[in-house]
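Reader: I have a structure on my screen and would like to walk through a few of its features with you. Shall we take them one at a time?

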Amino acid sequence: LKPSPLTAAAFADFGDVIEMAGHASITINQGFAQRFNDLAGVDVAMEAGATNVSLFLGQPRPIPIAIKLMERHPLGNQAFIPLQDQPWLVLVCADVDDFASYRAFTASGKQGINYARNVWHHPLLVHDADSRFLIVDRKGPGNNLEEVWLADDFAFSLET
């Protein structure tokens, strides 16, 4: 599967693209900062969930990237916001058993993504060692992680 550039329109079925481009801002802090509001929804309240803010430190996988696992979060969304300006990869699908439903995207280091609740996606995929991300997702009771290991005859590689 070959990634295409990440755009809000191409990713709309899977969640939000978090970026400043194309969004209005307001001037704050005595004119020394611009604030871009409402770039993604936070959907974490199911079954008494709460917002969790964390940092991830990602490592690159061997090339070609073997895709053997997909996951989703049935009780809340999950946002990934890069903390460095380096491209990274996003892999989503509508149906884990239907290869035609898989979509791969190359995100710039200025783009984050917000996976909507129940969207199948691959765990974090980065090109560079020690890639840092701010994560906003759900904590609390209930099982908010579903993983599916792909059958050996279905697993595939992601081009970079």
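**Two residues and two spaces**

Reader: Which residues does His-73 touch, not counting residues up to four places away in sequence?

Author: Happy to start there, and please keep in mind that this is a predicted model. His-73 sits in the loop that runs between β7 (69-72) and β8 (78-82). Setting aside residues up to four places away in sequence, the residues His-73 touches are Gln-78, Arg-117, Asn-118, His-121, Asn-144 and Leu-145.

Reader: Does His-73 count as buried or exposed?

Author: The cut-off for buried is under 20% relative accessible area. His-73 has a relative accessibility of 10%, so His-73 counts as buried.

Reader: Which side chain does a polar contact of 3.4 Å join to that of His-73?

Author: A polar contact needs a pair of N or O atoms within 3.5 Å. The contact here is 3.4 Å, and the partner of the His-73 side chain is that of Glu-71.

Reader: Let's move to Leu-1. Is Leu-1 buried, partly exposed or exposed?

Author: Leu-1 belongs to the segment before β1 (4-5). Leaving aside neighbours within four places in sequence, Leu-1 is in contact with several residues, including Leu-91, Phe-99, Tyr-102 and Phe-156. Buried would require under 20% and exposed over 50%. Leu-1 has 25% relative accessibility and therefore counts as partly exposed.

Reader: What separates the C-alpha atoms of Leu-1 and Trp-149?

Author: Along the chain, Leu-1 and Trp-149 are 148 residues apart. In space, the separation of their C-alpha atoms is 18 Å.

Reader: Now for the empty spaces. What is the volume of the largest pocket?

Author: Rolling a probe the size of a water molecule over the atoms reveals where empty space is left. The residues lining the largest pocket are Ile-18, Glu-19, Met-20, Ile-81, Pro-82, Gly-109, Lys-110, Gln-111 and Gly-112. By class, this lining has four nonpolar, three polar and two charged residues. The volume of the largest pocket is about 170 Å³.

Reader: And which strand gives the most to the lining of the largest cavity?

Author: The count comes to one cavity of 30 Å³ or more, and the largest cavity holds about 40 Å³ of space. Among the residues lining the largest cavity are Phe-80, Trp-88, Leu-89, Val-90, Leu-91 and Tyr-115. By class, that lining has nine nonpolar, one polar and no charged residues. With four residues, the strand that gives the most is β9 (residues 88-93).

Definitions and conventions
Residues numbered from 1 in each chain as written. Predicted model: local features only at pLDDT ≥ 70, side-chain atom pairs only at ≥ 80, totals over all residues. Heavy atoms only, no water. Helix = DSSP H or I, 4+ residues; strand = E, 2+ residues; numbered from the N terminus. Buried < 20%, exposed > 50% of the residue type's maximum accessible area, 1.4 Å probe, protein only. Polar contact = N/O pair within 3.5 Å; in protein donor to acceptor, adjacent residues only side chain to side chain. Contact = heavy atoms within 4.5 Å. 1 Å grid on protein atoms, 1.4 Å probe; cavity = no way out; pocket = protein on both sides within 12 Å on 5 of 7 lines; lining within 4 Å. Points joined across faces, edges and corners; volume = space filled by probe spheres on them. Nonpolar A, V, L, I, M, F, W, Y, C, P; charged D, E, K, R; others polar.
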